[in-house]
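Dear colleague,

Please find below the structure that I am handing over to you. A summary of the findings follows it.

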Amino acid sequence: MSSENPAVVMESVSKWYGEVIGVNDVSLAIDGGVTGVLGPNGAGKSTMFKLLLGRLKPNQGSVRLFGTDPWESTAPFRRVGYVSETEPLYEWMTGLDFVSTMARLHGMTREEATDRAEHVLDFVGLSDVQHKEVGKYSKGMRQRVKIAHALVHDPDLIILDEPLHGCDPLARTSIMSVIRELGNRGKTVIVSSHILEEIERITEQIVILHNGRLLALGNLHAIRGLLDKHPHRILIETESPRELAEAFISREPVYGVRFPDQGFLEIQTSNLSAAHSILPQVIVESGIKVRSVENPDDNLESLLGYLVGGG
Amino acid sequence: MSEELDITGGVTRMESAFGSGDGDEDAQATVAQNAEIKGAIFEQTYRPWRGTLGPRWVRNYSIYRHHVYGLFSSKGHRHYPVMVRLTILGIFLFSLSPVAMLFLASMGGNGEFGEVLSRLWGINRYNLWGQVLGFFPRNMCMWPLLTALVVGGMISDDRGNGTSAIYFSRPVTRIDYAAMKFLSSAVVLGFVIVFSYILYYTSAIVFKGEGWAFLIDTFPMFLGGLLAGILLVFTYTSIGLALSSISQSRFFAGVAFLATIYGTKMVAFLIESQFDSSILYIFSPYDVLAHIGQWLLGIESNYDHSLAFSVVSLLLINGSSIALLASRVSSLEVTRE
């Protein structure tokens, strides 16, 4: 991938439908690795994908895929693989026929298309059912065959709209593994999901949209660190929470304690890493037995709650 | 009731009733063994592709073949139901019926039977016109039905199922998409309508052993009929695709096409019979083509109005159909603009 032309660049992009705003002054650049796009329903995720795929024209700003406007030219789609949430398939075809037919739409020869289709079906774990009709596939298999057809021409940018939707746990695990592997291969993978735990398992690089606005972009923990008005919490399960609280309250990064439940101590701090650095020392010095230590709000769900819901 | 029960050596009521003690002397039991636990680890390796993707025409050819090969094979191509395939085959075979009659005529030699068949089915202006533009049975039963079956689902299937997204998330322009749909439809119609016409003309030459003089006499007529056939294929395809592009069901698109062809002719016929004016035939695609075809083949016109009206009407019918098609295809998958 050229550093001059990142996979995705959106500059001050706005799109509205009549009086309803879909995307509001969004600027971002994504290149390499897996990026999760998050946001509640109506946040603008679908509008963003449609803008990237040239199915909508921005009212303001510009969209570039590898330096080219996707509304003006289909050329970037040679390097793009797209998995839609609702895209139907040719039900009468076998998985192999479907994927090789899609490969031929990219300009591959028959032999190349068949060879490549067999490989990507193997990659997504469908080689054993490649001769079965797509109409007889389970939901998880259908999602995987969609990923296979999006990968068949070895794209540099893969856009996956809710790829885990409706899949059973086994299929989810398999699809997440595929997405991670593609990211590790240096592909730019943009994946949207409303299942936050699964995005967390795939990537820490996220884009958060709400009401069409870009709320946050970057590493999950780095974004959380920037939210000063929401103190970080450390939840400690111990036999003597009050004694342990006494030991913590006098230390610098800790500015508050709570007892949310029997046998639990919650430490509030504005500097999570500093608090974690003193944590072992304080526990050892106090001699109090600790069963577990957790960061209940250093995750995507809390982050989304703070950013979208105000906390 | 004071007697004590002797429970040794006897049988209990339960045993008496159900014989549950029978066979205890050689009782056996089978215990399921633990199945051998097997596992497999899949090595998930992604292999990059180092080839070069073909140019635009290769992609377009793949769209074209996807639609045409579906008529012959269900393996990896656009799906045509078996009944549709059989109907198309039936129409094609029936369109070749004059070839069979010419063959019979040639077998009849110079006898009366052969002469009659030659007069009825042999090459002349009227028969050449009729092979493409005759109303019954060709333009009443065969060509419109063929068009409805082939063209009806060409775009409406994509609209109904959302499968146009498959094309538009790839380097396929909307012009290429519409052009390849048009070409593949026209090729199928052309194969049945134009190819059967060519076969009819050539078989007449072969079966009757005609020479150069016959060829020189009839070839201009043949070219006129060929052009009329091409115009018919083009016009029916453009109307059919336009109707398919505004529909989400192949049934509606097909029925709308039949209604357009038959309805306009029917209305024009009623007006003509009541008011003795043929002008409304300019709204009937079939009659417009028939009128132009009569001029191309040099036969007397059935219509009172000027040929120019039919020519302009044909241009307008095709122009408006293609404009509608272009408009609908450009808005495919582009939502809430």
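The notes below cover chain A, the contact between the chains, and one helix of chain B.

This is a predicted model, in which local features need pLDDT of at least 70 and side-chain atom pairs count only at pLDDT 80 or more, while totals for chains, interfaces and linings use all residues. Residues are numbered from 1 along each chain as its sequence is written, and chains are lettered from A and ligands numbered from 1 in the order in which they are written.

Chain A holds 10 helices and 13 strands; these are DSSP runs numbered from the N terminus, helices being H or I with at least four residues and strands E with at least two. The C-alpha trace of chain A spans about 75 × 45 × 35 Å along its principal axes. Of its 311 residues, 46% count as buried, that is, with 20 or more other C-beta atoms, placed from the backbone, within 10 Å of their own.

Between the chains, 37 residues of chain A are in contact with 34 residues of chain B, contact meaning that the C-beta atoms, placed from the backbone, lie within 7 Å. On the chain B side, H2 (56-68) and H8 (164-168) each supply at least two residues, and H2(B) gives the largest share, five residues.

Helix H13 (residues 307-330) of chain B has 24 residues and should span 34 Å at 1.5 Å a residue (1.5 Å times one less than the number of residues); its end C-alpha atoms are 34 Å apart, which agrees. Its buried residues include B:Ser310, B:Ile317 and B:Leu325. The buried residues of H13(B) pack against H9 (174-208), H10 (212-245) and H12 (285-297) of chain B.

Yours sincerely

Note on methods:
Contact = placed C-beta atoms within 7 Å. Buried ≥ 20, exposed ≤ 12 C-beta atoms within 10 Å, placed from the backbone.
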